[in-house]
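Here are some short exercises to work through with the model open beside you. Try each task on your own, then follow the solution step by step.

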Amino acid sequence: MVKRNACVFISGSGTNLKALIKSSREYNFPIKINYIISDTKGAKGLKLAKLYKIPFRILNLSKLISLESVSRELHKKNISLICLAGYMKILNKQFINKFKKKIINIHPSLLPKYKGLNTFKRVLKNKEKLTGCTIHYVNNKLDSGKIILKKRVFIESNDTEETLKTKVQAKEHCAYSESIINIFR
Ligand code: GRF
């Protein structure tokens, strides 16, 4: 099968990146990951880039030109899909418009509920019984683009932020790959 080129943006531990790399090595998976971008030099996820010999770039966002040059680079590499996987910076309008309908994000709540940060803390504070994760297209509003897939997680009375994070992330690791299969189906 001819696989599309994809790039994953990370900032931290990269557990979703790991799951995506694993899926992308399967014969029938629609993408291959040929570029990883991190805005953090020490991002744990970069170890995976090295381990799997995937080219990577660390962004110096203090330089205004960097997203311009990134988008040129991604076009050159013929990237069909950009997966944000724990990428903690907000992409600018110009960049998003250049890759319309090609940028997707994974968020640890059942959107449109709990956009933004600290989702587990807020979910527990509100005594929710249900949460989960959402994969959605990225548009110019935070966590608001068209939803591709959601997965639910039930909240137990003894759940803490940590246990909830573990449960939600376990769902995320399957959901991200599933949503990419849906996109290219
Ligand atoms: C995930 O929980 C994702 O929903 C959020 O950031 C976290 C990234 O985790 N956007 P990891 O770096 O993939 O482990």
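**Exercise 1. An unusual peptide bond**

In which loop is Pro112 found?

Solution. Keep in mind that this is a predicted model.
- Step 1: Find Pro112 in the loop between E5 and H5. Strand E5 covers residues 103-107, and helix H5 covers 119-125.
- Step 2: Look at the bond that leads into Pro112. The peptide bond from Leu111 to Pro112 is cis, and its omega is near 15 degrees.
- Step 3: Compare with the general rule: most peptide bonds are trans.

**Exercise 2. A positive phi**

Find Asn78 and say what its phi is near.

Solution.
- Step 1: Go to the loop between helix H3 (66-76) and strand E4 (79-84), where Asn78 has its place.
- Step 2: Read the angle. Phi of Asn78 is near 55 degrees, which is positive although the residue is not glycine.
- Step 3: Recall that most residues other than glycine have a negative phi.

**Exercise 3. Following Arg57**

Which side chain makes a polar contact with the side chain of Arg57?

Solution.
- Step 1: Locate Arg57 in strand E3, residues 56-58.
- Step 2: Check the spacing to Leu46. The two residues are 11 apart along the chain, and 9.2 Å separates their C-alpha atoms.
- Step 3: Now follow the side chain. Arg57 makes its polar contact with the side chain of Glu73, at 2.4 Å.

**Exercise 4. Around the ligand**

Describe the surroundings of the ligand, beginning with its shell.

Solution.
- Step 1: List some neighbours. Among the residues that surround the ligand are Ser13, Asn16, Ile106, Pro108 and Glu172.
- Step 2: Sort the shell by class: two residues are nonpolar, seven polar and one charged.
- Step 3: Look for polar atoms of the backbone. A backbone N or O atom of Asn16 lies 2.8 Å from a ligand oxygen atom. For Ile106, a polar backbone atom is 2.9 Å from a nitrogen atom of the ligand. For Pro108, the distance from a polar backbone atom to a ligand oxygen atom is 3.4 Å.
- Step 4: Consider how covered the ligand is. Alone, the ligand exposes 370 Å², and the protein buries 87% of that.

**Exercise 5. The largest pocket**

Which element gives the largest share of the lining of the largest pocket?

Solution.
- Step 1: Start from the ligand, which sits in the largest pocket.
- Step 2: Note the volume of this pocket, about 1,000 Å³. Its lining has 39 residues, and those closest to the centre are Gly86, Tyr87, Met88, Pro108 and Leu117.
- Step 3: Pick out the elements. Those supplying at least two lining residues each include H1, E5 and H6. The largest share, four residues, comes from H6.
- Step 4: Finish with the classes: the lining has 14 nonpolar, 17 polar and eight charged residues.

Terms used. Residues are numbered from 1 along each chain as its sequence is written. This is a predicted model: local features need pLDDT of at least 70, side-chain atom pairs count only at pLDDT 80 or more; totals for chains, interfaces and linings use all residues. Side-chain values use heavy atoms; hydrogens and water are left out. A residue is near a molecule or strand if one of its heavy atoms lies within 4 Å of it. A polar contact is a pair of N or O atoms within 3.5 Å; within protein, one must be able to donate a hydrogen and the other to accept it, and residues adjacent in sequence count only if both atoms are side-chain atoms. Accessible areas come from the Shrake-Rupley method with a 1.4 Å probe; for residues, only the protein chains shown count as cover. On a 1 Å grid over the protein atoms alone, a cavity is a set of points where a 1.4 Å probe fits but cannot get out, and a pocket is an open set with protein on both sides within 12 Å along at least five of seven lines; lining residues have an atom within 4 Å of a point. A molecule sits in a cavity or pocket if more than half of its atoms lie within 2 Å of its grid points. Ala, Val, Leu, Ile, Met, Phe, Trp, Tyr, Cys and Pro count as nonpolar, Asp, Glu, Lys and Arg as charged, and the others, Gly among them, as polar. Grid points are joined across faces, edges and corners, and a volume is the space filled by probe spheres set on the points.
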